[in-house]
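Ready for some practice in reading a protein structure? Work through each exercise with the picture open, and try it yourself before you read the solution.

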Amino acid sequence: MPTTLDTTTIMIAGLVALLLVLFVIRLVRNRRKRIRREANPRKITIKDIDLMADGSEFELYLFRLFHELGYREVYQTTASRDFGADLVFTDQNGLRNVLQAKRYGNSNPVSIGAVQEVYTSMRYYEAERAIVLTSGRYTEACRILAAVNGVKLLDRDDLEELIILFKSRRYDEAMAIIEEPAETEAPTWKPKAKKAT
């Protein structure tokens with residue numbers, strides 16, 4: 001009989017341990033969801049950004065990040081009629097910037113459409129600078145078009161650095177990354193001569 005009691009005790013203890021583990025997992029998941037929902041820049045990590053349900057959570061996070069960095073006149077555009085810009089803000093030099101946010105994975109790089117959209121939004125928002133910020137990477141064609149048009153591209157590495165600098169309260173360094181001039185060296189179109197027949 002003592003063997004049965006020991007087996008029952010072990011099974012009950014195992015079940016209690018399993019329930020405790022499941023409870024802790026649920027708490028962690030709920031905490032992560034709450035953090036993403038609140039989009040608190042002090043708590044968000046790159047892993048939280050990767051888990052965001054859609055681009056609107058990323059846009060809200062960037063809105064709060066830019067506001068807490070100290071940028072003036074930070075506006076989040078309306079989703080239905082953003083005209084190619086998700087944020088509009090004034091930088092330290094008094095220049096109005098438009099920013100398009102792209103929460104993409106590494107396997108799905110941002111293409112030229114993002115550059116085209118944010119560049120054309122500059123006229124509507126009367127902006128002097130255009131930026132695309134992604135949690136992923138860019139295609140080569142996107143990089144070339146951005147360089148030709150003076151659009152600043154910030155990729156996953158830049159975003160991770162912004163997060164680190166912000167959390168360590170090095171706001172000026174974070175703003176310097178955002179405000180660096182756009183890459184402007186890119187190959188330009190060269191016509192190919194056709195032979196007359």
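**Exercise 1.** Decide whether L18 is buried, partly exposed or exposed, and describe its surroundings.

*Solution.*
Step 1: The relative accessibility of L18 is 47%. Keep in mind that this is a predicted model.
Step 2: Partly exposed residues lie between the buried limit of under 20% and the exposed limit of over 50%, so L18, at 47%, counts as partly exposed.
Step 3: Now find L18 in the chain: it sits in helix α1, which covers residues 2–38.
Step 4: Look at its companions. L18 belongs to a nonpolar surface patch together with L15, L19, V21, L22 and I25. Together, the members of this patch have about 550 Å² of accessible area.

**Exercise 2.** Work out whether D82 is buried or exposed, and find its contacts.

*Solution.*
Step 1: D82 has a relative accessible area of 19%. Buried means under 20%, so D82 is buried.
Step 2: Locate D82 in the loop that links β1 (72–76) to β2 (87–90).
Step 3: Set aside the neighbours within four places in sequence; D82 then contacts T77 and Y125.
Step 4: Compare sequence and space. E117 is 35 residues away from D82 along the chain, and their C-alpha atoms are 9.9 Å apart.

**Exercise 3.** List the secondary structure elements of the protein chain in order, then explain why the chain is described as more spread out than a compact globule.

*Solution.*
Step 1: Count the elements: there are seven helices and five strands.
Step 2: Starting at the N terminus, their order is α-α-α-β-β-β-α-β-α-β-α-α.
Step 3: For 197 residues the globule rule gives 16 Å, but the radius of gyration of the chain is 24 Å, well over that value, so the chain is more spread out than a compact globule.
Step 4: Add the dimensions: the C-alpha trace spans about 100 × 55 × 30 Å along its principal axes.
Step 5: Turn to burial and contacts. Buried residues account for 36% of the 197 residues. Among contacts with a separation of 6 or more, 56% join residues 24 or more positions apart.

**Exercise 4.** Find which residues UniProt assigns to a domain, and describe that span.

*Solution.*
Step 1: An unreviewed UniProt entry places the feature "domain: Restriction endonuclease type IV Mrr" at residues 54–163.
Step 2: In the model, this span is 43% helix and 23% strand.
Step 3: Check its two ends: the end C-alpha atoms of residues 54–163 are 19 Å apart.

Key: Residues numbered from 1 in each chain as written. Predicted model: local features only at pLDDT ≥ 70, side-chain atom pairs only at ≥ 80, totals over all residues. Heavy atoms only, no water. Patch = residues over 30% accessible without salt bridge, like charges linked within 9 Å, V, L, I, M, F, W, Y side chains within 5 Å. Areas by Shrake-Rupley, 256 points an atom, 1.4 Å probe, with all protein chains shown as cover. Salt bridge = Lys/Arg side-chain N within 4 Å of Asp/Glu carboxyl O. Helix = DSSP H or I, 4+ residues; strand = E, 2+ residues; numbered from the N terminus. Buried < 20%, exposed > 50% of the residue type's maximum accessible area, 1.4 Å probe, protein only. UniProt positions renumbered as here; feature names shortened; annotations may be inferred. Rg over C-alpha atoms; globule rule 2.2 N^0.38 Å. Contact = heavy atoms within 4.5 Å.
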